[in-house]
Amino acid sequence: MTELQSLTISPAQKIPAHGDLPRGLPAWTYFNNELTELEYERIIRPSWQFACHVNQLKNSGDFATLDMMKDSVIVMRGKDGAIRAFSNACRHRGTKLLDGSGSCKGRITCPYHGWTYDTDGRVIG
C-alpha cells in the first residue's frame, strides 16, 4: 500500500496559503479495498451512526433499517413504546429480516425458515 500524504507544520513554519494545501486524497485511495476495510473497522464501526429520526417510529411496530457494508441494523418501536436496535439477521441462518422502513404488525418473520421475533427482539416461534 502506498503511504498517505501528510502535512506537518512546526510552530516556526509559516502556514501555507490555501492554494498550497493538499486538496484531497490521492485517487488510488477511493478504489482501494484494503483502505476501505481499514477505515470501516477503525472509524465507521466504532462510531455512532444515524439510523433514523424518532418521528419515523411513531407507532408500535414501525421500523427503519441501516445498512453499512456487511452490517445491517433494525431500529424498531416496541409494543411498550420503547425504541430498540437489533442486528438485522436471523439468529438461525443469518438471513436479513427487513429492508428499508415500514411497519410490522406485532412480529418479524424470517423469510428463510420462518423464525418469528417479537418487537422487543425475543424469539417467539
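## A first look

Is threonine 119 buried or exposed? Threonine 119 counts as buried, because its relative accessibility is 3% and the cut-off for buried is under 20%. Keep in mind as you look around that this is a predicted model. We will come back to threonine 119 after a walk along three strands.

## Three strands and two hairpins

Let us start with strand β1, which covers residues 62-68, and its partner β2. The two run antiparallel and are joined by six bridges. Together β1 and β2 make a hairpin, with two residues between the strands. Methionine 69 sits in that turn and has a positive phi of about 50°. One facing pair to look for is aspartate 67 and serine 72, the latter in β2.

Strand β2 spans residues 71-77 and is mostly covered, with five of its seven residues buried. On its way to strand β3 (residues 83-87), β2 again takes part in an antiparallel pairing, here with five bridges. β2 and β3 also form a hairpin, with five residues between them. Glycine 81 lies in this turn and has a positive phi of about 90°. Here arginine 77 stands opposite isoleucine 83, which belongs to β3.

## Two residues of strand β1

Threonine 65 and aspartate 67 make a good pair of stops on β1. Threonine 65 is in this strand, and so is aspartate 67. In a regular strand, side chains alternate between the two faces of the sheet.

Threonine 65 has a relative accessible area of 15%, so it is buried, the cut-off being under 20%. A polar atom of its side chain lies 2.9 Å from the backbone oxygen of glycine 100. Beyond its neighbours within four places in sequence, threonine 65 is in contact with Val73, Ile74, Asn88, Leu98, Asp99 and Gly100.

Aspartate 67 is partly exposed, with a relative accessible area of 42%. Which residues does aspartate 67 contact, leaving aside its neighbours within four places in sequence? They are Ser72 and Lys96. The side chain of aspartate 67 makes a polar contact with each of these side chains: 2.4 Å for serine 72, and 3.1 Å for lysine 96. Asparagine 88 is 21 residues away from aspartate 67 along the chain, and their C-alpha atoms are separated by 8.9 Å.

## Back to threonine 119

Where is threonine 119 found? Look in the segment after β6, a strand that covers residues 116-118. The side chain of threonine 119 reaches the backbone nitrogen of lysine 79 at 3.2 Å.

Setting aside neighbours within four places in sequence, the contacts of threonine 119 include Met76, Arg77, Gly78 and Lys79. Arg84 and Phe86 are also among them, as are Gly61, Gly106 and Arg107. Arg77 is a residue we have met already, since arginine 77 stands opposite isoleucine 83 in β3.

## A patch on the surface

For the last stop, turn to the outside of the model. Leu25, Tyr30 and Phe31 form a nonpolar patch on the surface. Together these residues have about 420 Å² of accessible area.

Leucine 25 is located in the segment before α1, a helix that covers residues 33-44. Is leucine 25 buried or exposed? Leucine 25 counts as exposed, because its relative accessibility is 51% and the cut-off for exposed is over 50%.

How values were computed:
Residues are numbered from 1 along each chain as its sequence is written. This is a predicted model: local features need pLDDT of at least 70, side-chain atom pairs count only at pLDDT 80 or more; totals for chains, interfaces and linings use all residues. Side-chain values use heavy atoms; hydrogens and water are left out. Buried means under 20% relative accessible area, exposed over 50%, partly exposed in between (1.4 Å probe, protein chains only). Helices (H or I, at least four residues) and strands (E, at least two) are DSSP runs, numbered from the N terminus. Two strands pair if DSSP finds at least two bridges between them. A polar contact is a pair of N or O atoms within 3.5 Å; within protein, one must be able to donate a hydrogen and the other to accept it, and residues adjacent in sequence count only if both atoms are side-chain atoms. Contact means heavy atoms within 4.5 Å. Patches are made of residues with over 30% relative accessible area and no salt bridge: like charges are joined within 9 Å, nonpolar side chains (Val, Leu, Ile, Met, Phe, Trp, Tyr) within 5 Å. Accessible areas come from the Shrake-Rupley method with a 1.4 Å probe; for residues, only the protein chains shown count as cover. A salt bridge is a side-chain nitrogen of Lys or Arg within 4 Å of a carboxyl oxygen of Asp or Glu.
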